[in-house]
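Me: I would like to work through this structure with you, one question at a time, before I take it to the bench.

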There are 2 protein chains.
Amino acid sequence: MNKEKQTRISEVGEFGLIDRLTEKIQIKNESTVKGVGDDAAVLNYSQKRVVVSSDLLTEGIHFNLMYVPLKHLGYKAVVVNLSDIFAMNAIPRQIVVNIALSNKFSVEAVEEIYSGIYLACEKYGVDLVGGDTTSSLTGLTISITAIGEAEEENLVYRSGAKPSDLLCVSGDLGGAYMGLQLLERENEVFKVNKNMQPQLQGYDYILERQLKPEARGDIIAAFKKMGIQPTSMIDISDGLSSEIMHLCKNSNTGCNLYEDKIPMDYQTKKMAEELSINPLVAALNGGEDYELLFTLSVLDYEKIKNDPDFTIIGHMTEAGEGANLITNAGSAIPLQAQGWDHSNRENKQ
Amino acid sequence: MNKEKQTRISEVGEFGLIDRLTEKIQIKNESTVKGVGDDAAVLNYSQKRVVVSSDLLTEGIHFNLMYVPLKHLGYKAVVVNLSDIFAMNAIPRQIVVNIALSNKFSVEAVEEIYSGIYLACEKYGVDLVGGDTTSSLTGLTISITAIGEAEEENLVYRSGAKPSDLLCVSGDLGGAYMGLQLLERENEVFKVNKNMQPQLQGYDYILERQLKPEARGDIIAAFKKMGIQPTSMIDISDGLSSEIMHLCKNSNTGCNLYEDKIPMDYQTKKMAEELSINPLVAALNGGEDYELLFTLSVLDYEKIKNDPDFTIIGHMTEAGEGANLITNAGSAIPLQAQGWDHSNRENKQ
């Protein structure tokens, strides 16, 4: 964002702002019949199922503008919604963006948020087809609805896991949470001494996990290529523990999760050590990793066993056995559902 | 809402709250394949076009909880979105509801909002299929996305008006704005003297227009029955003046609007007189009436001329003639686009 030119929203007017934010939109998907500019967008999904998901991010709860760049915020707000669409084994096609903002934000600030939104649209091949830009008395709220498509037979729900299915996860876990802890620490230092430069060297990976996460559309593409149909799937927004319990509850199964199998990056563990946090807590309860957690029939084991994108972290069991963490010492500890706290700031219906 | 029992959200937990809010959902539409309870809702619109619209309402900007009952708020939040779907000549089928709320709200308060949401779902035959309930540091934000369907040939955009088309509106205008002025006045009185009872007698109609508006699905049904296909349409959320300018801009036409034709209720005019407000301002710039503004070929004149649901308020002209109000005195005054002020608190992309 160019710091020199700051235009008050009142200078360009409401329609001027909309024009500035939407003038560069180019429709990418055949299913987008009519995008921005009418009472509603019009979509054509004649042969497919339509998949819809929506999230709301509020300032001070989901993001802190002290250290989250506006462009990253826009990008992430899109990505977290696309992640939900991918978690259905579906392909996102459109988003609708609602933003409420107080008058402390300039036109350039809103454009900066939108530049991140458009960057995500570009990267994931998604069309922005509508939304609402409005005032707020206090801070910034972004609510995004993502719409996608899938063949009916490819849809994967939370409810299809069977006992003995393999429990798998993409990528690694806990990084976004440890990135957040690092940003919070440096922010506290900065608040005390404005001349302090943040100490972020060597932690680029976990910072990116927090500030600019990606949704795992590549995994959905890999499933298709490899002929894999997960039996159940969910994205990891709240933390591994909470998501496993969702799969168990919806599928009416139990689960054994093995502590030593949980994939974590070197930086995640190093930061955890530096901050005296158990890295397992970051993986189980940290959230915001936006990896895919899914179950597979054991018949698919050969297809994924050597794929570095996936880690088998456990297996499903009968419902009566409960959802357990099997520790390195071999004891079984029941997984805990998350409360409504800092590390778990939203809950999806 | 039962004032005696107030449960903190932390007592029931996040998943407990979701369960309480969604346990009574019964799916009403065939197009709803999977509602709440997964990463995304799944919809089936195989033979139809999908129509999507979204709005965001923030406390202190769009509503004042000093005088807006929570149930009414939930109801209205749904209705304003359905109104956008009807404005495409489409039928709403699903909604997705995102709510952010601070810890000043109890579980019962959230349930009260949802009771209004469900009442609207019931009345309009719409399924609630998902959403997000999350925390806010400051007040209440509701963001709703509505999804509907239409045959492609029935869709009505803002862009289809032709010069000489009739400009028509359903219902009457300015009532919601005058209802708001009345509520604001009584709220000011109450703030000064807590023992004062509000003076609302005789104004039930304009209060209902503000607090519990309806979306004009009956008009869409009437169009179908009467064999009417509007050439362009928009719902009146910002005010007649602003909406006419949208139709003119999108259709590349001008317009003559006749002051003496604008339909207003007796209570609207009476309240305007009491508060020394020009009732024309309420109709032109007040907004929130959620009536439908549409254009018709003159060939359809016979079909609607005696229908009390509709009023012909003007006609479209060539673009070069501009959008004008023809006053009772016969002079033409250019219509003004709305700024971002109290009477016009949101703007749709």
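Me: In what order do the seven strands of the open sheet in chain B run?
Reply: This is a predicted model, and what follows should be read in that light. The pairing in this open sheet of chain B is mixed. Its edges are held by strand 8 (232–235) and strand 13 (332–334) of chain B, each with a single partner strand, so one side of each has no neighbour in the sheet. The twist from one strand to the next averages 25°, and the order of the strands is 8-10-7-11-9-12-13.

Me: Which residue stands opposite L166(B)?
Reply: Strand 7 (residues 166–170) of chain B pairs with strand 10 (residues 292–296) of chain B in the antiparallel sense, over four bridges. The partner that faces L166(B) lies in strand 10 of chain B, and that residue is L296(B).

Me: Which helix of chain B packs on the sheet, touching strand 8, strand 9, strand 10 and strand 12?
Reply: The direction of this helix makes about 150° with that of strand 9 (253–258) of chain B. The helix spans residues 240–251 of chain B and is helix 7.

Me: Where in chain A is confidence lowest?
Reply: The mean pLDDT of chain A is 88, with 94% of its residues at 70 or more, and strand 7 (residues 166–170) of chain A has the highest confidence, at 98. Over residues 339–349 of chain A, however, pLDDT stays under 50, although the model has 36 contacts beyond four places in sequence for that stretch. The lowest confidence, at a mean of 41, falls in strand 14 (residues 346–348) of chain A.

Terms used:
Residues are numbered from 1 along each chain as its sequence is written. Chains are lettered from A and ligands numbered from 1 in the order in which they are written. This is a predicted model: local features need pLDDT of at least 70, side-chain atom pairs count only at pLDDT 80 or more; totals for chains, interfaces and linings use all residues. pLDDT is the predictor's confidence in each residue, from 0 to 100. Helices (H or I, at least four residues) and strands (E, at least two) are DSSP runs, numbered from the N terminus. Two residues are in contact if their C-beta atoms, placed from the backbone, lie within 7 Å. Two strands pair if DSSP finds at least two bridges between them. Axes are lines fitted to C-alpha atoms, for helices over the stretch in contact, and angles run from 0 to 180 degrees between N-to-C directions.
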